Amino acid sequence: MEQKNRLFDFLYQSLKKQIETGLLPYGSTLPSMSQLCEIYHVGMRTARDVLKTLAREGYIRTAQRRPTLVIYQQSPIPQAGPSPEPSIRTILTHRSSILSVYETMALLMPPLFSFSAMVCGEEKMQHCLWVLAQEKKAHRNKWQTYSTFLHEILSSSGSLLFRDLYISLELYAQIPFFWEHRDSLTEPADNTIMQNTFWHTGLLKPENAGDALRYFTALYRFTKGMIQKYLDRLALEYPWIPKSHKNIYAWNADLGRDHYHMQITRDIIDKIGLGIYRDREFLPSEEALAGQYQVSIATVRKALSNLNRLGFCKTYNVKGTQVTLFNDQATFTCMKDKTYKNDTLLYLSGLQFMALAVPPAVRLTFDLITEETLKSMEKKFHEPKAIPLDIIMDCITERMPLHPFQTILKEVRKTLHWGYYFSFYPEGSPMSNIINQMGLKAYRYLCRKDRAAFAGQLSACYCHILVFVRDFMAGCGLPQADKIAAPDMSFIHLYV
């Protein structure tokens, strides 16, 4: 029931926010029930309950065998000319946020598409092309055809994050609106785009990763430029429509995993891996933990049960819960648990994503890191349990000028818990640890103002952790881990 209620709240709040902000304007239709289930990873019953609630509250109107309509109307805006259709008003109001989504897509999606195509393999690529052929036979419009094909490419990568992230970006980019108004967007494409097609098979062969990267980059930059010019024209046509600077993009990479007891479980694992709770040491009492995390004792007991099951702790009657650290036998046991298997695969997917996302993130933030910031970071390196890579990524994330990109970095980093990595080392996380030495090396490149080497070294850090943990987990009963490929540094160097 707890999981069902959380998914209900997530879907309800997401749809309600989109309706109230105008992303789903008056008169527009919601995705079908099956599409909602696919986009938000909820069951049919949860989607049905959410739509019933929204209909009861006057946001939507439902009818059998008909699309669900939005009937909520925003307060009218004083105007000095003809009233535009609701969708145009929404687009113009949120044009800054929409353009920031397209800028984020132009930075992130080219490496994700190119890498996914490179690692998905011949058999999976043939399946993707078969899906594309079926979409064309179904006479769907080109945007739907392209989108479905790219969803398949991203899914074939083995990542649990790529496809969900792309769906969220598509949603906030308002692609259906711009497709409907595509005649107003038509401009001659540059040679890079004209020489290829979106599904050109040769472009997606592993040996052509560099060409694919350049093609997708050119395509997204061209698309963003077209849309910006169109929005500028609309703004001149309807000058009385105010421009909101509110950032409306949202994404949850942790959906279904952020119950209180799971948050506590992961926090304690982090503290064990960092050496705050040492091997054979007893954790604070249940009452003390309940007070520390501001939760009930029942929630703490769920967390301790998780830790026992995962092999990090063992609870004894009267004595309390003792740290036992991670061991191979506990890992084999955990790999039989569906929840923990998915948790581990999402952790590995997060490492994979960060390895690919770091170069464009560095590109946007490198010149914003001052000498004062460098000195501040160096001081933090000397603090107890400091992790240089985490400190550096905090700096990059805080300075990220694109709100959607910043949101994505924060969400993915929430899935990465240092305890999972450092628990493999008996000494925890001292500066002698490999990943900390690699992080310090990245910092030295940053001090030398060598942007390419800095970005490449940060990516190498995430690749190291991914390979280290993935290979161990694959040998402990999680063969799916092998499907999450570590980016090759030669691929990373194509766009650092």
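1. Buried means under 20% relative accessible area and exposed over 50%, with partly exposed in between. By that scale R399, at 25% relative accessibility, counts as partly exposed. The model discussed in this note is a predicted one, and the terms just given recur in the points below.

2. On overall make-up, the protein chain contains 23 helices and four strands. It has 496 residues, of which 53% count as buried. Among contacts between residues at least 6 apart in sequence, 75% join residues at least 24 apart.

3. The nonpolar interior deserves attention early. In soluble globular proteins, nonpolar side chains tend to be buried together. Here the largest nonpolar core has 140 residues, and those with the most contacts inside it are F178, F353, M377, F454 and L458. Helix α16 (residues 338-365) supplies the largest share of this core, 14 residues. A second core of 19 residues is separate and includes L7, I19, L36 and I60.

4. Which residues does F454 touch, not counting those up to four places away in sequence? They are V362, F366, I392, I396, A442, Y445 and L446. Two of these partners, I392 and I396, are among the buried residues of α18.

5. Helix α18 (residues 388-399) can be checked for its length. At 1.5 Å a residue, its 12 residues should span 16 Å, and the end C-alpha atoms are 17 Å apart, which agrees. The expected figure is 1.5 Å times one less than the number of residues. The buried residues of α18 are P388, L389, I391, I392, M393, C395, I396 and T397.

6. Charged residues of α18 also take part in salt bridges. The side chains of E398 and R399 meet in one, at 3.6 Å from N to O. E398 is exposed because its relative accessible area of 57% is over 50%, whereas R399 is partly exposed at 25%. In addition, D390, D394 and R413 are linked in a network of salt bridges.

7. Over the whole structure, a search finds 11 salt bridges. One of them joins the side chains of K449 and E371, at 3.6 Å from N to O. This pair links distant parts of the chain: K449 is in the loop between α21 (434-447) and α22 (451-474), E371 is in helix α17 (residues 371-381), and 78 residues separate the two. K449 is partly exposed, with a relative accessible area of 45%, and E371 is also partly exposed, at 46%.

8. A further salt bridge is formed by the side chains of R470 and D471, at 3.1 Å from N to O. Is each partner of this bridge buried or partly exposed? R470 counts as buried, since its relative accessibility of 12% is under 20%. D471, at 41%, counts as partly exposed.

9. Aromatic residues form another set of contacts, and a search of the whole structure finds 14 aromatic pairs. The rings of F113 and Y220 have their centres 6.4 Å apart and their planes at 15 degrees, so the pair is stacked. It links distant parts of the chain, with F113 in helix α5 (residues 95-119) and Y220 in helix α11 (residues 209-237), 107 residues apart. Both F113 and Y220 are buried. Ring pairs link F113, Y166, Y215, F216 and Y220 into a cluster.

10. A charge over a ring is found as well. K319 lies over the face of Y316, at 5.9 Å from the ring centre.

11. Y12 lies in helix α1 (residues 2-21). With a relative accessible area of 9%, Y12 is buried. Which residues is Y12 in contact with, leaving aside its neighbours within four places in sequence? The contacts are V50, T53, L54 and E57. For V50, the C-alpha atom is separated from that of Y12 by 5.6 Å, although the two residues are 38 apart along the chain.

12. The last residue for comment is I39, placed in helix α2 (residues 33-40). I39 is partly exposed, with a relative accessible area of 27%. From C-alpha to C-alpha, I39 and S168 are 8.2 Å apart in space, while 129 residues separate them in sequence.

Conventions. Residues are numbered from 1 along each chain as its sequence is written. This is a predicted model: local features need pLDDT of at least 70, side-chain atom pairs count only at pLDDT 80 or more; totals for chains, interfaces and linings use all residues. Side-chain values use heavy atoms; hydrogens and water are left out. A salt bridge is a side-chain nitrogen of Lys or Arg within 4 Å of a carboxyl oxygen of Asp or Glu. Buried means under 20% relative accessible area, exposed over 50%, partly exposed in between (1.4 Å probe, protein chains only). Rings of Phe, Tyr and Trp (its six-membered ring) pair if their centres lie within 6.5 Å; planes under 30 degrees apart count as stacked, over 60 as edge-to-face and the rest as tilted. A charge sits over a ring if NZ of Lys or CZ of Arg is within 6 Å of the ring centre and within 35 degrees of the ring normal. A nonpolar core is a set of buried Ala, Val, Leu, Ile, Met, Phe, Trp, Tyr and Cys residues joined through side-chain atoms within 4.5 Å. Contact means heavy atoms within 4.5 Å.
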